[in-house]
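Grab a coffee and work through these short exercises with the model open beside you. Try each task before reading its solution.

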Amino acid sequence: MALNFHAHREKTPSLFSSRIINKAVYFFYGTKDCLVQECKDLDKRIELELDGEKVNLPSLEGIIVCNIGYWGGGCRLWEGMGDEPCPPTRLDDGLLEVVGVFGSFHCAQIQVKLANPVRLGQAHTVRLVLKSSRMPMQVDGEPWAQGPCTITITHKTQALMLYHCAEQTDDEDDNSSSSETEGPSAQPARGQTVPTSSQ
């Protein structure tokens with residue numbers, strides 16, 4: 001679906017001038033995919049290994065590898081509807097979550113919490129062997145048609161990030177700033193750096 005949309009946009013970029021048109025074209029290709037099923041029998045066209053162990057695949061139309069908790073515009077893909085116990089996702093464990101989908105209609109059901117994905121497993125190294133002719137793939141929303149090859153996905157590195165402490169509100173920020181200017185005994189709020197100046 002994403003590859004068809006991308007190819008259409010490359011041919012006629014002037015047509016894709018608004019978000020409504022983009023969504024309408026996506027809807028068209030999603031509906032077409034439900035009927036045509038260009039990616040059916042993926043289990044016969046691909047091999048999947050998680051940390052060196054081959055995974056027996058059901059009859060899927062797509063495999064998704066995630067290294068974050070959210071997918072597809074905010075869907076918590078790995079947890080699904082939360083009615084089945086599953087290992088939690090963490091950003092700092094070096095594990096990749098691998099799930100399968102039965103098609104674009106199944107993806108839509110997952111996004112509105114009417115279905116769960118097929119959890120294939122968590123692994124440090126994901127290896128995909130594409131055995132057949134060109135198949136659609138995408139990374140971070142950039143699609144292309146990929147010929148036979150072996151793809152190895154691993155967790156490379158991570159970076160420390162600063163974030164606003166959830167326990168602290170904006171009101172506390174304002175109060176602590178005003179109290180800092182009132183006297184030397186003011187203490188910084190948790191997660192806040194106190195500015196200093198030399199006199």
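**Exercise 1: the fold in outline**

In what order do the elements of the chain run from the N terminus on?

Solution. Bear in mind that this is a predicted model. Start at the N terminus and walk along: the order is α-α-α-β-β-β-β-α-β-β-β-β-β-α. Now tally up, and you get five helices and nine strands. To finish the outline, look at burial: the chain has 199 residues, and 31% of them count as buried.

**Exercise 2: a salt-bridge network**

Find the residues that are linked in a network of salt bridges, and work out how they connect.

Solution. Step one: get the total, which is four salt bridges in the structure.

Step two: go to Glu47 and check its partners. Glu47 bridges to Lys54, with 4.0 Å between the closest N and O atoms. That pair just makes the list, because the cut-off is within 4 Å. Glu47 also meets the side chain of Lys131 in a salt bridge, at 3.8 Å from N to O.

Step three: see where the second pair sits in the chain. Lys131 belongs to the loop between strand S6 (125–130) and strand S7 (135–139), while Glu47 is in strand S1 (residues 46–50), so the pair links distant parts of the chain, 84 residues apart.

Step four: put it together. Glu47, Lys54 and Lys131 form the network.

**Exercise 3: who faces the solvent?**

Sort Glu47, Lys54 and Lys131 into buried, partly exposed or exposed.

Solution. You need two cut-offs: buried is under 20% relative accessible area and exposed is over 50%. Glu47 has 25%, so it counts as partly exposed. Lys131, with 44%, is partly exposed too. Lys54 comes out at 56%, which means it is exposed.

Now try a separate bridge, Lys44 with Asp41, where N and O are 3.8 Å apart. Lys44 is exposed at 57%, and Asp41 is partly exposed at 30%.

**Exercise 4: rings and charges**

How many aromatic pairs does the structure hold?

Solution. Run through the rings and the count is zero aromatic pairs. Don't drop the rings yet, though: check for charges over them. The charged end of Arg119 sits over the ring of Trp78, 6.0 Å from the ring centre.

**Exercise 5: the enclosed space**

Which residues line the largest cavity, and how do they divide by class?

Solution. First, count the cavities: there is one of 30 Å³ or more. Next, its volume: the largest cavity holds about 40 Å³ of space. Then read off the lining, which is Cys66, Ile68, Gly69, Leu77, Trp78, Thr89, Glu97 and Val99. Trp78 is thus part of this lining, and its ring is the one under the charged end of Arg119. Finally, sort by class: five nonpolar, two polar and one charged.

**Exercise 6: an open pocket**

Describe the second largest pocket by its volume and lining.

Solution. Begin with the space inside, about 330 Å³. The lining of this pocket takes in 13 residues, and those nearest the centre are Leu91, Asp92, His155, Gln158 and Ala159. By class, the lining splits into six nonpolar, four polar and three charged residues.

Note on methods:
Residues are numbered from 1 along each chain as its sequence is written. This is a predicted model: local features need pLDDT of at least 70, side-chain atom pairs count only at pLDDT 80 or more; totals for chains, interfaces and linings use all residues. Side-chain values use heavy atoms; hydrogens and water are left out. Buried means under 20% relative accessible area, exposed over 50%, partly exposed in between (1.4 Å probe, protein chains only). Helices (H or I, at least four residues) and strands (E, at least two) are DSSP runs, numbered from the N terminus. On a 1 Å grid over the protein atoms alone, a cavity is a set of points where a 1.4 Å probe fits but cannot get out, and a pocket is an open set with protein on both sides within 12 Å along at least five of seven lines; lining residues have an atom within 4 Å of a point. Grid points are joined across faces, edges and corners, and a volume is the space filled by probe spheres set on the points. Ala, Val, Leu, Ile, Met, Phe, Trp, Tyr, Cys and Pro count as nonpolar, Asp, Glu, Lys and Arg as charged, and the others, Gly among them, as polar. Rings of Phe, Tyr and Trp (its six-membered ring) pair if their centres lie within 6.5 Å; planes under 30 degrees apart count as stacked, over 60 as edge-to-face and the rest as tilted. A charge sits over a ring if NZ of Lys or CZ of Arg is within 6 Å of the ring centre and within 35 degrees of the ring normal.
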